[in-house]
Each structure stands twice: as C-alpha cells, then as structure tokens.
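Please find below my notes on the model, set out as numbered points. They start with the sheet and end with single residues.

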Amino acid sequence: MANSEAKVRLDLNNPVFQEHLLTLQKPQRHAALDTLNKVRQLTWDQVYRDQGLKWEKITSVRPPAGIEAIYSLRITQVRRATAYRDGEFMRFLTVAPDHDAAYGKK
C-alpha cells in the first residue's frame, strides 16, 4: 500500500496527455507545468484536500478495464486534466479542451 506521507509521483507518459499538454498555448502550458510541479510536491492526502486542484471522481465516464475510477483535477484556470491513482502514481490521461469535456458532457 502507498504511504500517506509519500509524495505523489507523476506519470506523464500517456501519448494523448502529452499531445494535449504540448499543444496548449504557451501561457496555458506554463500554468499546467506549474500545477504538475505543485502536485509533485504534495502527498495524496494533500491532493485530496487541495481546494485549488479540486480532485473529483468522474462518474459520467466509465473507467477503462483495470482502472477503479477516473478523476479530474484543475490543471490551469480554464482546463481540467483527467487522471487516476495507481499506488503512489498519478497517471495522467488527458487535458480537456474545456471544463465540461473532462466529465464526458461534450
């Protein structure tokens, strides 16, 4: 089991996430990188409580096989990313084009 005092480890290797992140406009991309740097310094307990990140379970999208649940978090002021927890890792999936898209409403 993951240690609650351990820092969150980031997995940014998903090709869809990389495409979304790297094609953001420069100010959005820098804001997203600042958020990723912040998350990297937090424990999971801190992620769950952080009001700026707003870690929320997505119930409107069925998670892929082997993944218990997908979550969204605020990665910039106007965009949310989707990710899931895998032990100590936060494995990123996408950066939504807008808030509602993260929840499968588009």
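1. How many bridges join E1 to E5, and do the two strands run parallel or antiparallel? The model is a predicted one, and in it E1 and E5 run parallel, joined by 3 bridges. Within this pair, arginine 9 stands opposite phenylalanine 89 of E5.

2. On the overall make-up, the chain has 3 helices and 5 strands. Read from the N terminus, the order of elements is β-α-α-α-β-β-β-β. The chain holds 106 residues, and 37% of them are buried. If contacts are limited to residues at least 6 apart in sequence, 50% of them join residues at least 24 apart. The exposed area of the chain is about 6,500 Å², of which carbon and sulfur atoms supply 48%.

3. The 5 strands make up an open sheet with the order E1-E5-E4-E3-E2 and mixed pairing. Its edge strands are E1 (9–11) and E2 (56–57), each of which pairs on one side only. At the E2 edge, 2 bridges connect E2 to E3 in an antiparallel arrangement. Lysine 57 has tyrosine 71 of E3 as its bridge partner.

4. Strand E3 (residues 71–74) is also paired with E4, again through antiparallel bridges, 4 in number. Two of the partnerships can be named: tyrosine 71 with alanine 83 in E4, and leucine 73 with alanine 81 in E4. Tyrosine 71 therefore has a bridge partner on either strand, lysine 57 of E2 and alanine 83 of E4. The two strands E3 and E4 form a hairpin, with 5 residues between them.

5. Strand E4 (residues 80–86) continues the sheet to E5 (residues 89–95), with 6 antiparallel bridges between the two. Alanine 81, already named as the partner of leucine 73, has valine 95 as its bridge partner in E5. The hairpin of E4 and E5 has 2 residues between the strands, and in it glycine 87 takes a positive phi near 65°.

6. How much of these two strands is covered? E4 is mostly covered, with 5 of its 7 residues buried. E5 is likewise mostly covered, and 5 of its 7 residues are buried.

7. The largest pocket has a volume of about 170 Å³. Which element gives the largest share of its lining? That element is E4, with 3 residues. The lining consists of Tyr48, Trp55, Gly66, Ile67, Glu68, Ala69, Tyr71, Tyr84, Arg85 and Asp86. By class, these divide into 6 nonpolar, 1 polar and 3 charged residues. Tyr71, one of the lining residues, is the residue that bridges to alanine 83 in E4.

8. Lysine 54 deserves a look during review. Its phi is near 50°, which is a positive value in a residue other than glycine. Lysine 54 lies in the loop between helix H3 (44–49) and E2. Is this residue buried, exposed or partly exposed? Lysine 54 counts as partly exposed because its relative accessible area is 32%, between the limits of 20% and 50%.

9. Threonine 35 is the other single residue to check. It is found in helix H2 (residues 26–40). Why does threonine 35 count as buried? The reason is its relative accessible area of 14%, given that buried means under 20%. Leaving out residues up to four places away in sequence, threonine 35 touches Leu53, Arg74 and Ile75.

Key:
Residues are numbered from 1 along each chain as its sequence is written. This is a predicted model: local features need pLDDT of at least 70, side-chain atom pairs count only at pLDDT 80 or more; totals for chains, interfaces and linings use all residues. Side-chain values use heavy atoms; hydrogens and water are left out. Buried means under 20% relative accessible area, exposed over 50%, partly exposed in between (1.4 Å probe, protein chains only). Two strands pair if DSSP finds at least two bridges between them. On a 1 Å grid over the protein atoms alone, a cavity is a set of points where a 1.4 Å probe fits but cannot get out, and a pocket is an open set with protein on both sides within 12 Å along at least five of seven lines; lining residues have an atom within 4 Å of a point. Grid points are joined across faces, edges and corners, and a volume is the space filled by probe spheres set on the points. Ala, Val, Leu, Ile, Met, Phe, Trp, Tyr, Cys and Pro count as nonpolar, Asp, Glu, Lys and Arg as charged, and the others, Gly among them, as polar. Contact means heavy atoms within 4.5 Å. Accessible areas come from the Shrake-Rupley method with a 1.4 Å probe; for residues, only the protein chains shown count as cover.
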